Amino acid sequence: MKHARTDEMAPDTPDLPQTNPDHGLTTAEAAARLERFGPNTLNEQHKSLLSRLFGYFWGPIPWLIELAAVLSLVLGDWADFGVILSMLLVNAGVGFFEENKADNAIALLKQKLAPMARVKRDGQWRELPAEGLVPGDIVRLEIGNIVPADLRLTRGAWLSVDEAALTGESLPVDKTPGDTAYSGAVVKLGEMEGEVTATGMQTYFGRTAALVQSADHPSHFQQAVMRIGNFLIITALALVALILVVSLLRQNPVLEAVQFALILTVAAIPVALPTVLSVTMAVGAERLARMKAIVSRLVSIEEMAGVDVLCSDKTGTLTLNELTVETPHPADGVSGRDLLRAAALACNTEAPDAIDAAVLTAARAGDGLEAYERTGFTPFDPVSKRTETKASKAGEDWRFSKGAPQVILDLVQPAPALRKDVEAEVDRLAAQGFRTIGVAQARGADGWTFLGLIPIFDPPRPDAADTIARAEAMGVTVKMITGDHEAIARQIAGQLGLGQNMQPAGQLLEGDSATVAERVHSADGFARVLPEHKFRIVEVLQEAGHIVAMTGDGVNDAPALKRADAGIAVSGATDAARAAADLVLTDKGLSIITEAIAEARRIFERMTSYATFRIAETIRVLLFMTLTILVYNVYPVTAIMIVLLAVLNDFPIMMIAYDNVGVSERPVRWNMRLVITLASVLGVMGVIETFLLFWYVDSIAQLPADVIQTVIFLKLLVSGHMTLFVTRNPGWFWQRPWPALRLFATTEATQVIGTLIAVYGLFVTPIGWSVALLVWAYCLAWLPVEGALAMFVRRLLRRGSVPDEGS
């Protein structure tokens, strides 16, 4: 039923004298207040262009790339400088796009404000731009108007306003004098005047926009990249510094030592790290787009992989946002068909509201409506709380009425026993989550007869229950969020297979932090929720260590969508919700959410595989170089060999984005302890392998120094690429999922190219096929050892471990 309510969301009003409603403000008063309170617009917090540009080039990964560019300049390597500079600019471009997300959300919220308003100034009604409204202005509202500011309604009988986009309530809300009409709501019925109590960012609508602005926070992906970057910076600089110090103490040629250190640093710096991970996510985003899910923030894909709580808005997300008539409850001696026909005759057929539309749809299956000729109609209003239609059939007069059950009972004046039974039935249906309307009819001069009750509800989406079941099977807890009463939430939850612990958000979020966290964690859902409640619920769950996804479709959902680790705007969402979200569904239904989570987990496995491989390779090359220089006082490879290794490594790692990987049964997130430990162990193992080979060819085989350098170059290349097969599979490298064809083919192709370079001596001293094949055999012999070691480390660290929350 439509209903009046207590306006618990009204903002604090400024301490101003009450305006004379017959005269309004004077032009001078309005100008003074505009100066004091500012325009009736949403403030947008912009950084200066210079500070924004500077921000794109500041941080661990930009520092790495910038250092690589400087070193390339020092060496006079213009080709490398151009490539590295281009990479830096591309990353800056991505950053610029991401930073504009919040501004876009605010801009779309701003578009919802009414551009013009009917205002009384100097005793005259005028059409003025809404941005010029000030507290104290007298404004007139009519059907179809968007409320231009928060107003305290003063004159007129009543208004029916649609606040669905603000509060999530599925039915229009009735307002009477003394109530507040909120900026951004739409007038459905009635005409009233009101006094402006708040404008701009002080309105309820403005506070929603402020929450969107405050919701920006670094993703787990961004934190992980920073930690990887920090680790590699410290490792590279420490080992290179050690090489330089030892070389200088040994009085080696300074220029040669510095040049080698610079080349080694350039090779060790993972300039492609952000690019490779971004490409991996972009490929996944393209796949999601084919599933009718548009990714608007790439890093959200990685967040989706770790989501363990899904907060789902009820109205329009879990439900269809279309009122439906449940099984009618006719009075004794009345058929369900007669009850529906009478209710349909009491509807406004020309401009049906949500309840009228539901009743008319349900009554279409019956017949007999065409036999009645309507002769008059009285629409619903908050005073009478019912509709009434006068009609005639075969020359006989009829009256039909529907409305609040209590009002219909007062109209009929039934026997006390019947009234008691009907009221008990209304309470029972309300406890089940149904709204009810009563129906009565009168024939000729006879009195009113009670025909029965019609329950109405907003039904679940057809795929919602299956989606929830699959999400929970994937380790994701689903919590319902709704602006409706908890009884309605329980009724829908029962149909969806959710728990029945639905708590009113206002009471739930009161108290100390520990108490609130426990309440939010134990609740299956939240009722009577306001936008600030949604925002706070997401925040509390995040503070407890959860990675949270939030679905929604309205303006009221935008702050929580922005705050969530993965905000999901469902099909038909408002522009503001889409702008604030990370994932926008373009097709009806929620099944795509679980598909997106599965795809995100695949992408996460690819990114983890690359990060582990890249760290291991950096440790392997740097640590081996350092040990060899310290122990033997020789450079085990030449500068050109280091460059060749870096170039040949780039080809297969770009193919990781297309690799075949398994889907984890549980949420996944960056465990930097596992990634760095596994990479370090594999890196050290690679150093041992390579150092043993170096010792053999130098001390036992006593090969020439330049031949030894080529042997070590080929070993580093072949075994490095084989390590990729170890890091990509949590089991044995020959088990499913097998490498994607393009990854396998590219990896083998680069190994063959490196072998041909070593065999025939392109840029290096040739070693011939016999030595090259022995190097291959040596690397293949170590491959199962590396695989077994990797499996041991994974099992050891994952046994009873907790994911690294700093990642």
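Helices here are DSSP runs of H or I with at least four residues, numbered from the N terminus. With that in hand, let's work through some exercises on this predicted model.

**Exercise 1. Get an overview: how many helices and strands are there in the protein, and what share of the residues is buried?**

Solution. Start with the elements: the protein has 28 helices and 25 strands. Next, turn to burial: of the 807 residues, 55% are buried. Then look at the outside, where about 33,200 Å² is exposed and carbon and sulfur atoms supply 59% of that area. Finally, check the contacts with a separation of 6 or more: 72% of them join residues 24 or more positions apart.

**Exercise 2. Place Tyr760: which helix holds this residue, and is Tyr760 buried or exposed?**

Solution. Step one is the address: Tyr760 lies in helix α27. Step two is the cut-off, since a residue counts as exposed when its relative accessible area is over 50%. Step three is the comparison: Tyr760 has a relative accessible area of 57%, so it is exposed. Step four is the company it keeps: beyond its neighbours within four places in sequence, Tyr760 contacts Pro766 and Trp769.

**Exercise 3. Map the nonpolar surface patch: which residues make it, and which element gives the most?**

Solution. List the members first: Val752, Leu756, Tyr760, Trp769 and Leu773 make a patch of about 520 Å². Now assign them to elements: α27 (741-760) and α28 (768-798) each give two or more residues. The top contributor is α27, with three residues.

**Exercise 4. Find the nonpolar cores: how many residues does the largest have, and which helix supplies the largest share?**

Solution. The largest nonpolar core counts 98 residues, and Met480, Leu583 and Trp670 have the most contacts inside it. Helix α23 (residues 591-632) supplies the largest share of this core, 16 residues. A second core, separate from that one, has 36 residues, among them Leu345, Val359, Val439 and Ile454. As background, nonpolar side chains tend to be buried together in soluble globular proteins.

**Exercise 5. Trace the six-stranded open sheet: in what order do the strands run, and which are the edge strands?**

Solution. Read across the sheet: the order is β3-β2-β4-β10-β5-β8, with antiparallel pairing. The edges are β3 (124-129) and β8 (180-181), each of which pairs on one side only. Now zoom in on one pair: β5 (residues 150-155) and β10 (residues 192-198) are joined antiparallel over five bridges. To find your place there, note that Asp150 stands opposite Ala198 in β10.

Conventions. Residues are numbered from 1 along each chain as its sequence is written. This is a predicted model: local features need pLDDT of at least 70, side-chain atom pairs count only at pLDDT 80 or more; totals for chains, interfaces and linings use all residues. Side-chain values use heavy atoms; hydrogens and water are left out. A nonpolar core is a set of buried Ala, Val, Leu, Ile, Met, Phe, Trp, Tyr and Cys residues joined through side-chain atoms within 4.5 Å. Buried means under 20% relative accessible area, exposed over 50%, partly exposed in between (1.4 Å probe, protein chains only). Patches are made of residues with over 30% relative accessible area and no salt bridge: like charges are joined within 9 Å, nonpolar side chains (Val, Leu, Ile, Met, Phe, Trp, Tyr) within 5 Å. Accessible areas come from the Shrake-Rupley method with a 1.4 Å probe; for residues, only the protein chains shown count as cover. A salt bridge is a side-chain nitrogen of Lys or Arg within 4 Å of a carboxyl oxygen of Asp or Glu. Two strands pair if DSSP finds at least two bridges between them. Contact means heavy atoms within 4.5 Å.
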